[in-house]
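Dear colleague,

Please find the structure that I am handing over to you below. I would be grateful if you could read the notes after it with the structure open.

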There are 2 protein chains.
Amino acid sequence: MTASASSRTPLSPTPRSTPTRLKDRARTDRADLDAVLDAGLVCHLGVLLGGTPVVLPTAYGRDGDTLYVHGSTGARSLRAAIAHDISVTVTLVDGVVYARSAMHFSMNYRCAVVLGRAVEVTDRDERLHGLRVVVEHAAPGAWSRVRSPNKKELAATTVLALDLTEASVKVRTGGPNDDAGDIETGGVWAGVLPLRQVWGAPIGSEDLATGIAVPDDVLRRLETILIR
Amino acid sequence: MTASASSRTPLSPTPRSTPTRLKDRARTDRADLDAVLDAGLVCHLGVLLGGTPVVLPTAYGRDGDTLYVHGSTGARSLRAAIAHDISVTVTLVDGVVYARSAMHFSMNYRCAVVLGRAVEVTDRDERLHGLRVVVEHAAPGAWSRVRSPNKKELAATTVLALDLTEASVKVRTGGPNDDAGDIETGGVWAGVLPLRQVWGAPIGSEDLATGIAVPDDVLRRLETILIR
């Protein structure tokens with residue numbers, strides 16, 4: 001994803017995007033937002049459907065200060081998002097925090113919450129760009145070696161853009177915040193059970209002709225570790 | 001989690017919880033819902049905050065037909081959820097689907113979306129039960145060996161219950177659904193890059209006294225694989 005000058009500027013959260021609790025976990029650097037968004041694989045989109053805030057997972061991508069999502073023109077959730085205030089949340093769970101008391105159990109995580117008005121992208125070039133950003137986020141390096149979207153596919157696809165100006169990032173790391181009394185009493189194990197996401201070996205499609213090698217972009221990805 | 005008789009009954013989705021697209025991915029068996037909810041670690045809660053559907057990750061647990069979440073009484077998102085229609089979404093990403101054309105890239109995933117009115121649990125016994133369900137979901141087997149919530153902690157904690165009657169489950173598995181023409185043209189690799197979640201080695205807290213062994217419930221968990 002494109003590194004922009006804004007990566008070094010602080011986030012400008014509004015009251016509704018400012019964490020009111022556990023402030024010690026809030027990060028205010030724009031680079032933290034980009035890092036979480038770039039590390040996630042799916043986001044959770046919050047849209048109003050019939051008055052209910054409905055949460056749906058979807059692919060996404062980031063380019064500079066813009067987050068893109070896409071979907072079928074028939075997708076009710078995307079139609080409901082257009083020109084409305086929505087939220088997009090990306091969460092990475094890094095581990096379970098085991099404490100000495102039940103109420104201090106927790107998770108280590110990185111979470112970005114972006115709020116804003118979803119704008120439907122209508123310009124043909126920007127639509128293609130947004131789709132490329134989303135596909136490249138899911139599968140880095142794949143776009144240029146596969147067939148591009150055709151007219152029919154483009155007509156059936158909605159691309160939404162969300163500005164990254166109103167966002168918050170929370171990160172929790174480390175062990176439990178146990179009460180002094182529980183630490184003193186002792187005897188109970190406390191710590192973190194880390195959670196890792198790793199890639200498995202690529203599985204060729206059943207309809208794949210023989211002799212087609214796994215592409216370099218997939219092989220390169222196998223060398224990366226998603227979480228930790 | 002408790003297996004209930006309802007595990008064998010079909011889901012009873014309403015129009016707002018019925019997937020309108022990609023119906024082939026919808027699952028209608030109640031056991032599928034339980035399986036996704038029991039496999040996830042965090043959920044994404046959708047609540048209305050100032051008119052915007054805001055999505056926040058949180059811990060949860062399931063007991064039979066009830067999903068519990070908890071949080072600080074000071075948490076704005078939980079206060080906004082009480083006695084309101086909310087959604088709780090649990091998503092597990094199982095892999096990235098590489099296709100022969102950009103628009104057929106996809107993800108393999110399991111996703112449960114639960115809609116309903118969040119009810120604040122006020123009965124002391126059920127509050128304790130709900131907290132136990134949430135903690136045991138995050139850390140199975142840990143509740144009984146750690147200090148229970150005290151009066152002060154209970155007073156500072158909100159427990160919400162959500163009925164599981166209105167829910168939908170979607171599951172995508174397998175390779176890409178490429179166009180016949182792209183398969184015929186050939187030459188492009190297609191398949192799945194599986195994604196796995198695995199536990200790392202437990203990390204004892206910095207303030208842990210020497211000689212305290214990693215508990216059996218944590219060791220047992222290391223033998224489980226979260227995804228795949």
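The notes below describe the contact between the chains and then one strand of chain B.

This is a predicted model, in which local features need pLDDT of at least 70 and side-chain atom pairs count only at pLDDT 80 or more, while totals for chains, interfaces and linings use all residues. Residues are numbered from 1 along each chain as its sequence is written, and chains are lettered from A and ligands numbered from 1 in the order in which they are written.

Chain A and chain B each give 89 residues to the contact (C-beta atoms, placed from the backbone, within 7 Å). On the side of chain A, strand β11 (residues 191-199) supplies the largest share, nine residues; strands are DSSP runs of E of at least two residues, numbered from the N terminus. β11(A) also pairs with strand β12 (residues 203-204) of chain B, antiparallel and over two bridges, where pairing requires at least two DSSP bridges between the strands. Within this pair, Val192(A) lies opposite Ile203(B).

In chain B, strand β6 (residues 85-98) has 13 of its 14 residues buried (20 or more other C-beta atoms within 10 Å of a residue's own, all placed from the backbone). β6(B) has these antiparallel partners:

- Strand β2 (residues 42-49) of chain B, through three bridges, with His44(B) opposite Thr89(B).
- Strand β7 (residues 106-117) of chain B, through twelve bridges, with Val96(B) opposite Met107(B).
- Strand β11 (residues 191-199) of chain B, through four bridges, with Tyr98(B) bridged to Gly191(B).

With kind regards

Methods: Two residues are in contact if their C-beta atoms, placed from the backbone, lie within 7 Å. A residue is buried if 20 or more other C-beta atoms lie within 10 Å of its own, exposed if 12 or fewer, and partly exposed in between; C-beta atoms are placed from the backbone.
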